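Visitor: I'm new to this one. Could you take me in for a close look at the aromatic pair, and show me where it sits in the whole chain?

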Amino acid sequence: AFLALLAVPPLLWLMVRFTAARLKTDADPARLMAERAEKAMREAGAISTAGDGFLGCLYRGLVSAVLSRADTVGESLTYAEVSRILMEQGFKKDAADAAAGLLERIESARFSGAAMDSRAGKALFEETRQTVRSIIR
């Protein structure tokens, strides 16, 4: 009986370690960034096109989608990096350059300080959403 009591703590420790290992989420960078891109696009669709938060969501969605293809985690990319990553992942040069141009337009609108009208914001959102979907697939 005494030996059984001595064996209880190591057995409990093993059970906790086994359970923790099974419950641990998969830290796949591509999946994490794809989920981040989808979340950013949902947030952009839910807020007004006039705010800086809207353009920030579009930026985060596009960058996260590109980084998901690169299988890496990050927060920002340059236009050249977007184009290079997408071409390395098998995208045509035209599509990669279009995504880089879209990122440039988002950043220009975001940091220009000028108010964006609703129609232009919706058009930018639709283009970004289509681009993000094509990158994630």
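Guide: Happy to. A helix here is a DSSP run of H or I at least four residues long, and a strand is a run of E of at least two. By that count, this predicted model has six helices and zero strands in its protein chain. The chain isn't balled up, either: its radius of gyration is 22 Å, well over the 14 Å that the globule rule gives for 137 residues, so the chain is more spread out than a compact globule. Along the principal axes, the C-alpha trace spans about 75 × 35 × 20 Å.

Now for your close look. Searching the whole structure turns up one aromatic pair. It is made by F54 and F125, whose ring centres are 6.4 Å apart; their planes meet at 40 degrees, and since tilted covers what is neither under 30 nor over 60, that's a tilted pair. F54 belongs to helix α3 (residues 52-70) and F125 to helix α6 (residues 118-136), so the pair ties together parts 71 residues apart in sequence.

Are these two rings buried or exposed? The cut-off for buried is under 20% relative accessible area. F54 comes in at 1%, so it counts as buried, and F125, at 13%, counts as buried too. Across the protein chain, buried residues make up 31% of the 137.

The pair's long reach in sequence has a chain-wide backdrop. Take the contacts between residues at least 6 apart in sequence: 62% of them join residues at least 24 apart.

One more ring is worth a glance, that of Y59: the charged end of R110 sits over it, 5.3 Å from the ring's centre.

Methods. Residues are numbered from 1 along each chain as its sequence is written. This is a predicted model: local features need pLDDT of at least 70, side-chain atom pairs count only at pLDDT 80 or more; totals for chains, interfaces and linings use all residues. Side-chain values use heavy atoms; hydrogens and water are left out. Rings of Phe, Tyr and Trp (its six-membered ring) pair if their centres lie within 6.5 Å; planes under 30 degrees apart count as stacked, over 60 as edge-to-face and the rest as tilted. Buried means under 20% relative accessible area, exposed over 50%, partly exposed in between (1.4 Å probe, protein chains only). A charge sits over a ring if NZ of Lys or CZ of Arg is within 6 Å of the ring centre and within 35 degrees of the ring normal. The radius of gyration is taken over C-alpha atoms; the globule rule is 2.2 Å times the number of residues to the power 0.38. Contact means heavy atoms within 4.5 Å.
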